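Here are some friendly notes to read alongside the coordinates. Please keep the viewer open as you go through them.

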Amino acid sequence: MDTHLVIFFLYLIGVPFVSPLYIAEAINEVQAHVAWKSSLVAPALSSWITARSPYLSHGSWKQQFHRSNPPSIGNLTELLSLSLSSNSLDGSIPYQLGNLQKIQHLDLGSNFLRNPDSSQFPSSIPSLTNLSLNYNKLGPDLPEFIFQCQNLTYLDLSNNEFTGDIPVRFDSDPENLMYLNLTSNNFSGQIPKELTSLTELRDHLMGKNQLVGPIPEELGSISTVQVLEIYENPLGGPVPSSFGQLHMLERLDIHGSGLNSSIPPELGLCTNLHFLALAVNSITGNLASSLASLTRIQELGLSSNFITGEIMPELLANWTQVISLQLQDNSLTGEIPTEIGLLTKLQILYLFKNKLSGSIPTEIGNLRNLIELDLSVNQLSGSIPSSIGNLKQLKILNLFVNKVTENLTPAIGDLTSITAIDNNSNNFQGSLPKTISQLPSLQLFYAYTNNFSGQSPAEFGRNSPLTNVSFTNNNFSGALPSGICDSRSLIYLTANNNSFTGTIPESLRNCLTLIRVRLEMNQISGNQISGEIPPEFGRLSMLQDFSLSSNVLTGEIPKELMEMAHMFKLNLSNNKLSGDIPMEIGQLASIGDNDLNGTIPYQIGSLVSLQSLLDLSRNSIWGPITSDFSKLSSLENLNLSHNNLSGEIPALSGMVSLLSVDISHNNLEGPLPDILAFQRAPATSLAGIPRLCGKINGLLPCNENQSPVLQPKNSKKIVIAIVVSIAAALALLAPMAGIFALCHKTLHTPKSSKETNDESEPLIWSSDGKFTFNDIIEATENFCVGEGGHGRVYKVVLQEDQIVAVKRLQLPQNGEMVVQKSFENEIRALTNVRHQNIVKLYGFCGKQGFMYLAYGYMEGGSVARVLQDEKEAKELPWRKRLHVVRGVARALSYLHHDCVPPIVHRDVSSNNVLLDSDYEACIADFGTAKLLNPDSSNWTAAAGTYGYMAPELAYTMRVTEKCDVYSFGVIALEVLTGKHPGELLNCLSNGQEVILSDALDPRLLPPTDQLAEEVVFTVMLAMACIRTIPESRPTMRYISQELSAPIQDFHSEHLGTIRMSKYM
């Protein structure tokens, strides 16, 4: 650069006189600056002389760069201020910065910098007063040069990777600190008492570390402190009463720190406080009356504690400056004082999840600046005061789960800024006011589970950008609002369990944003929606859950309805639909009880993701049952009853998850399929099919070479009568007797000559095992893949590349007795088990003191192994983890509720939950499984894995299904937290508070939106499973159903505010 240009520039900016010597120094500084710039990879810097000072050498400089800081930066020795924040600088802080002896302000925040080389860094930067190193990767120790900068007054070290104790050297080096920010690091140990020597300290920020308590009383002696933040540390203990000495304190934040005392009355002496946050602790006692002295308080957060008593009127009368009052999730009682109307600056009022009673005070209408009002989950009664119409700024109104009665006030229509109204689960009566149709910003309106009646306003939806609407569980009549989706933004619409009549609104046919529509019967009676299903519904490409059952719909099912790509649940049952089942069968689930005819299309096999139910019952469907049903490997319940189906039933061997089937009242014939659901079907599910045959009670035996012989008419009646009369008894006794006889006979068969010649003794072998016992013996000499609950596990590759897992167990001398006692239950039950989420057991053989069990091989390994592997755990996102939990729940539900007699696993652990290549979870290792007789006491020796065993086994030894339920809860928490929840459960049992967001696996980004709701819901169910009292735990059938159903109207809080103890 031409130095004459620099001189000319200095002249033009108005310098009256510059000595030649000073100009020479400036030129050298410019040349150093140019050299520095040329070494950087950065955007063009054509306007680099933009300093606030007319002399570059005495100016400040800020620019954006990438990559590392070049060492030539140390040549800018006259620089006073340097900001390189918010770039992508990495590597170590260059020691050449120590050459900037005149620098006063240095900002290197929001980069990727690491600690400098302390051996090369100069001892101090004497002029430095402001140093910002926040949002970097510094650590684990603090850079030494910081303690040598004696003139520092501002130091920001937040959001780095510092560990260990907070250095006590801060008490003197540097001694003039006024601002110290250590937030969001990993500092541990106690807060140093020596910090009290920082007599000039104004802002002391230590939140989000691992500091332990108690909080030292000595902190109350730093009389200059204005801001004190210690939030989200595992401090415990009380709030020090010495804090009452901090008369200059304006902001105190200790939320989420495990505090377990009452609020000290001395806190009322901090009369300059305008921000107080003690939320998410275990604070007890009443709201101290001395808090009325906090007349300058603007934001007060005491939520999620155990505060009791009433809200005293004198408190509200003195908090007239407050803009945010959050007392939710406590145990406050009494009425809301009328003095609430004095808080005219209030913008946020949260009183939800308390025990408040009485009516909503009329004075609430004085809060004209209110934006959010949440009084939900209390015991409020009476009506909503008409004065609420004064709240023109209100955006959110939550009154759900109270006892509010009478009509919804028409003044609700004056809330012109409102976006969400949730009044569900109250006792509202009468009609909805027409004024709700004039709310220009309304998006969410929930009125479900009330006693509303009459017609909904005809104009509802025409003037509002509605996204979520629920009228469910009321007594509404008449037509649905015709303009319900005029805004083209509606996502959820539920109006089931009402008495709506008329046709489906025209606006719904073009509502492309719809995901869920429920208009069906629920608990009281169905709706009476009539007419044909509009084919335009096929354009609703986002629709996932669509139910129109229990109405009077007519006509054919539009083929367009079967082509919606995201549909996972469709219910059209109990209508008057007619015509054929569309060839484009899409994601059909239930169209039972209609007048449909024609055959079942082969496209039924495309429903590979169908899981819960396929219901085609009570129609006029004819023709054979297509073999394509066998492709429905996930389907659990099938109902084809009351049709005109004919021909033989195909093998359907692919329906491995089928739990129940009903084919009654058809014209079918031939043998019953040899799969569990058919073989265990009750007599009522096979009634009305005289030409059906099989080996189960109530059916004629099959002739292998001929069709079943028809009996004379009278004989048939006699047979059916006998079958019906004894079916209930034989259905339980026959399978048990047959299986027991087979096992007992095999276990006690005398050895043959072959066995004496070192041949194996086959005990029980599955009919589809395509390998010999000798194959197993040879293969287990090679590849051991782990240790199971009772022995080593081998990976065995057989002919045709079939892979099995073989467990080999060495038996003691009384091996035969061990076989009978330890494995008889497993063998006779599990060789017939067929479920998608249970590892297949092929068979069981013994030889020369060893026992061999052959299972299906699961290449993904155990859940425990995956979670312990950092890389694999990160590759298991929340969606897959939830799928794993659902799989375990389905398996246990099947064992407990669909096996006769029920099976208790007794050793469910993360080591016994295995994954295939698609992360489908299967439970294994039934070495301690026990078949339960529901009438027996089931007292037995304790079995299971430590950390997963239900607590009652330690003292009762009584085995029930609830033992597995407890183990499931532990596994569900383990999958979501990424490690065994033992430490978590100990903290909760000891009364320590744990925030859900802190408990989730930190290796994954926190879940958001719908995924976060599913995680919260799963945690809630898991916590219910680990309750101490077995009878209070839910059943696995309930758990499985809840986890498989879409979450409806589930009000989840932010993950960072949810206390896990609330679900215990």
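The points below go through a sheet, the helix lying across it, and the packing of some helices.

1. A reminder before the details: this is a predicted model, and everything below should be read as a description of that model.

2. Let's begin with the sheet. It is open and built from 3 strands in the order 54-56-57, with antiparallel pairing. Strand 54 (861-862) and strand 57 (921-923) sit at the edges with a single partner strand each, so one side of each has no neighbour in the sheet.

3. If you would like to check the register, look at strand 56 (residues 913-915) and strand 57, which run antiparallel and are joined by 3 bridges. One residue to start from is Val 913, whose bridge partner in strand 57 is Ile 923.

4. Which strands does helix 11 lie across? Helix 11 (residues 878-897) lies across strand 56 and strand 57, and runs at about 35 degrees to strand 57.

5. Helix 11 also packs against helix 16, at an angle of about 145 degrees and with the axes 8 Å apart. The crossing of this pair is left-handed. On the helix 11 side, the contact involves Val 885, Arg 886, Ala 889, Arg 890, Leu 892, Ser 893, His 896 and His 897, which meet Met 1036, Arg 1037, Ile 1039, Ser 1040, Leu 1043 and Ser 1044 of helix 16. Sorted by class, the contact of helix 11 with helix 16 has 6 nonpolar, 5 polar and 3 charged residues.

6. Now for helix 16 itself (residues 1036-1044): Met 1036, Ile 1039, Ser 1040 and Leu 1043 are buried there. Viewed down the axis of helix 16, the buried residues fall within an arc of 95 degrees, so they line one face of the helix. In general, an α-helix has 3.6 residues a turn, so residues three or four places apart point the same way. The cover over the buried residues of helix 16 includes helix 11, helix 12 (961-977) and helix 15 (1009-1025).

7. Two of those covering helices also pack against each other: helix 12 and helix 15 make an angle of about 145 degrees, and their axes are 7 Å apart. Their crossing is left-handed. Helix 12 contributes Val 965, Tyr 966, Phe 968, Gly 969, Ala 972, Leu 973 and Leu 976 to the contact, while helix 15 brings Val 1015, Thr 1018, Val 1019, Ala 1022, Met 1023 and Cys 1025. By class, the contact of helix 12 with helix 15 has 11 nonpolar and 2 polar residues, with no charged ones.

How values were computed: Residues are numbered from 1 along each chain as its sequence is written. This is a predicted model: local features need pLDDT of at least 70, side-chain atom pairs count only at pLDDT 80 or more; totals for chains, interfaces and linings use all residues. Side-chain values use heavy atoms; hydrogens and water are left out. Two strands pair if DSSP finds at least two bridges between them. Helices (H or I, at least four residues) and strands (E, at least two) are DSSP runs, numbered from the N terminus. Contact means heavy atoms within 4.5 Å. Axes are lines fitted to C-alpha atoms, for helices over the stretch in contact, and angles run from 0 to 180 degrees between N-to-C directions. Buried means under 20% relative accessible area, exposed over 50%, partly exposed in between (1.4 Å probe, protein chains only). The arc is that of the directions from the helix axis to the C-beta atoms. A crossing is left-handed if the near helix is turned anticlockwise from the far one by less than a right angle, and right-handed if clockwise. Ala, Val, Leu, Ile, Met, Phe, Trp, Tyr, Cys and Pro count as nonpolar, Asp, Glu, Lys and Arg as charged, and the others, Gly among them, as polar.
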